[in-house]
Amino acid sequence: MIISTKRGTPAAELDKIIQEFEGMGLGVTIIRGTDYNVFGLVGDTTILDEKRIRANPYVENVQRVSEPYKKANRLFHEADTIVDVAGVRVGGTEKVAVIGGPCSIESKEQAVRIAQLVKNAGGCMLRGGAYKPRTSPYAFQGLGTEGILDLAAAREATGLPIVSELMSADKIDEFEQYVDLVQIGARNMQNFQLLKEVGKMSKPILLKRGLANTIEEWIMSAEYIMAGGNENVIFCERGIRTFEKYTRNTLDLSVVPIIKQKTHLPIIIDPSHATGDWRYVESMSLAAIASGADGLMIEVHENPEAAWSDGAQSLKPEKFAAVIEKGRAIARVVGRGL
Ligand code: PEP
Ligand code: MN
């Protein structure tokens, strides 16, 4: 971190600043000029609060030269992290992991049937919402525990690990018992209390990007989970909010190389929520694989017109199978299996 102080800062004030940072275990180098003084701080600067430093009236400018995250940082963990989800490995140069399933679980029969179709198509995990973050309180809120048990029955029938969204800490025991990959939804990406709680879980976490969050904020949310002790985090880009109206969100595929450059964690793409329209899901899925994504999460429904949520963006099982078929060819080109 580089800090410059205002012209005329008293020497006693400069000494106080040096002592404070040295007291925090940081290395401090000072360049004394006639007009300005510049401090260079080295060591674990993630603990520093820039805003607090700026509060000092003698401070002119503060500039970070290293990222504020440590555990997620590629700098301190060169190798790709591979997250094991009940035997399915995500990340590194492993196969592209394709997760499929309905937006909401509607019944046990539906969960089991779709799980079979997802598996036959080449999918490696089943998704399904049981606790749904709906914009309207009058919209279907999910089957709750019943939906989680339906997912567990589908895993029993097919062997596919299950992914579901956890919305509140009071359901952690249930998810710890039944769910293989715990999804933190876009709306909860900065629910820091929830992030701290899932940081104590033994299950891997699928961390979706918030509706309007920067990549750094997203990585800091992963850092929260990792700081709690749970280092098995998979990022999931699901589109961000922009001025564009032809799609539900704007899929930001540039996050794939950026997340891989900045962190060692896997990243998957959710083209369903990113586009909001089944017509665009295939092309965005193929583009995601080409960009180096470690996986996809796609909404699948047998009868999208009758889906209890997100039918417009759900693929019929045969279309999901076609995405995987075409995706295999792209995966080969980028040196991955599928
Ligand atoms: C979902 O995956 O079901 C979901 C609600 O996604 P998001 O949090 O990305 O909106
Ligand atoms: Mn959905």
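Which residue forms a salt bridge with Glu67, and how far apart are the closest N and O atoms? Select Glu67 and Lys262 together: these two form the salt bridge, and their closest N and O atoms are 3.1 Å apart. The term salt bridge here stands for a side-chain nitrogen of Lys or Arg within 4 Å of a carboxyl oxygen of Asp or Glu.

Before going on, note that this is a predicted model, in which local features need pLDDT of at least 70 and side-chain atom pairs count only at pLDDT 80 or more, while totals for chains, interfaces and linings use all residues. Residues are numbered from 1 along each chain as its sequence is written, chains are lettered from A and ligands numbered from 1 in the order in which they are written, and side-chain values use heavy atoms, with hydrogens and water left out.

**Salt bridges**

Stay with the opening pair and show the secondary structure, where helices (H or I, at least four residues) and strands (E, at least two) are DSSP runs, numbered from the N terminus. Glu67 lies in the loop between β4 (59-63) and β5 (83-85) and Lys262 lies in helix α8 (residues 255-262), so the pair ties together parts that are 195 residues apart in sequence. Glu67 is partly exposed at 22% relative accessibility, and Lys262 is partly exposed at 26%; in these terms, buried means under 20% relative accessible area, exposed over 50%, and partly exposed in between (1.4 Å probe, protein chains only).

Next, select Glu282 and Lys326, which form a salt bridge whose closest N and O atoms are 2.8 Å apart. Glu282 belongs to helix α10 and Lys326 to helix α11, so this pair ties together parts that are 44 residues apart in sequence. Then add Arg328 and Glu325, another salt bridge, with 3.3 Å between the closest N and O atoms; being three residues apart in helix α11, they are separated by about one helical turn. An α-helix has 3.6 residues a turn, so residues three or four places apart point the same way. To finish with charged groups, select Arg209, Glu237 and Asp252, which are joined into one network by salt bridges that share partners. The count for the model comes to 23 salt bridges.

**Helix α10**

Now select helix α10 (residues 278-290): at 1.5 Å a residue its 13 residues should span 18 Å, and its end C-alpha atoms are 19 Å apart, which agrees. The expected span is 1.5 Å times one less than the number of residues. Within α10, colour Val281, Ser285, Leu286, Ala288 and Ile289, which are buried, and then show what covers them, which includes β13 (267-269), α9 (271-275), β14 and α11. After α10 comes Gly292, whose phi is positive, near 100°.

**The metal site**

Which residues hold the manganese ion (ligand 2)? Select Cys103 (SG), His273 (NE2), Glu299 (OE) and Asp310 (OD), the protein donors, which lie 2.0 to 2.3 Å from the ion. Glu299 is in strand β14 (residues 295-299) and Asp310 in the loop between β14 and α11 (317-333), so the pair ties together parts that are eleven residues apart in sequence. Donors are N, O and S atoms within 2.8 Å of the metal (3.2 Å for Na, K and Ca), and water is not among the atoms, so sites may look incomplete. Glu299 is buried, with a relative accessible area of 1%.

**Aromatic pairs**

A search of the whole structure finds four aromatic pairs. In such a pair, rings of Phe, Tyr and Trp (its six-membered ring) have centres within 6.5 Å, and planes under 30 degrees apart count as stacked, over 60 as edge-to-face and the rest as tilted. Select Phe140 and Trp308, whose ring centres are 5.0 Å apart and whose planes stand at 85°, so the pair is edge-to-face. Phe140 is partly exposed, with a relative accessible area of 24%, and Trp308 is partly exposed too, with 41%. Move on to Trp218 and Phe235, an edge-to-face pair with 4.9 Å centre to centre and 70° between the planes. Trp218 is in helix α7 (residues 215-227) and Phe235 in strand β12 (residues 233-237), 17 residues apart. Trp218 is buried, with a relative accessible area of 0%, and Phe235 counts as buried at 0%.

**The core**

Keep Phe235 selected and add Leu207, Ile298 and Phe320: of the 62 residues in the largest nonpolar core, these four touch the most other members. A nonpolar core is a set of buried Ala, Val, Leu, Ile, Met, Phe, Trp, Tyr and Cys residues joined through side-chain atoms within 4.5 Å. Apart from this core lies another, of 15 residues, among them Val90, Ile99, Cys124 and Cys236.

Terms used. Contact = heavy atoms within 4.5 Å.
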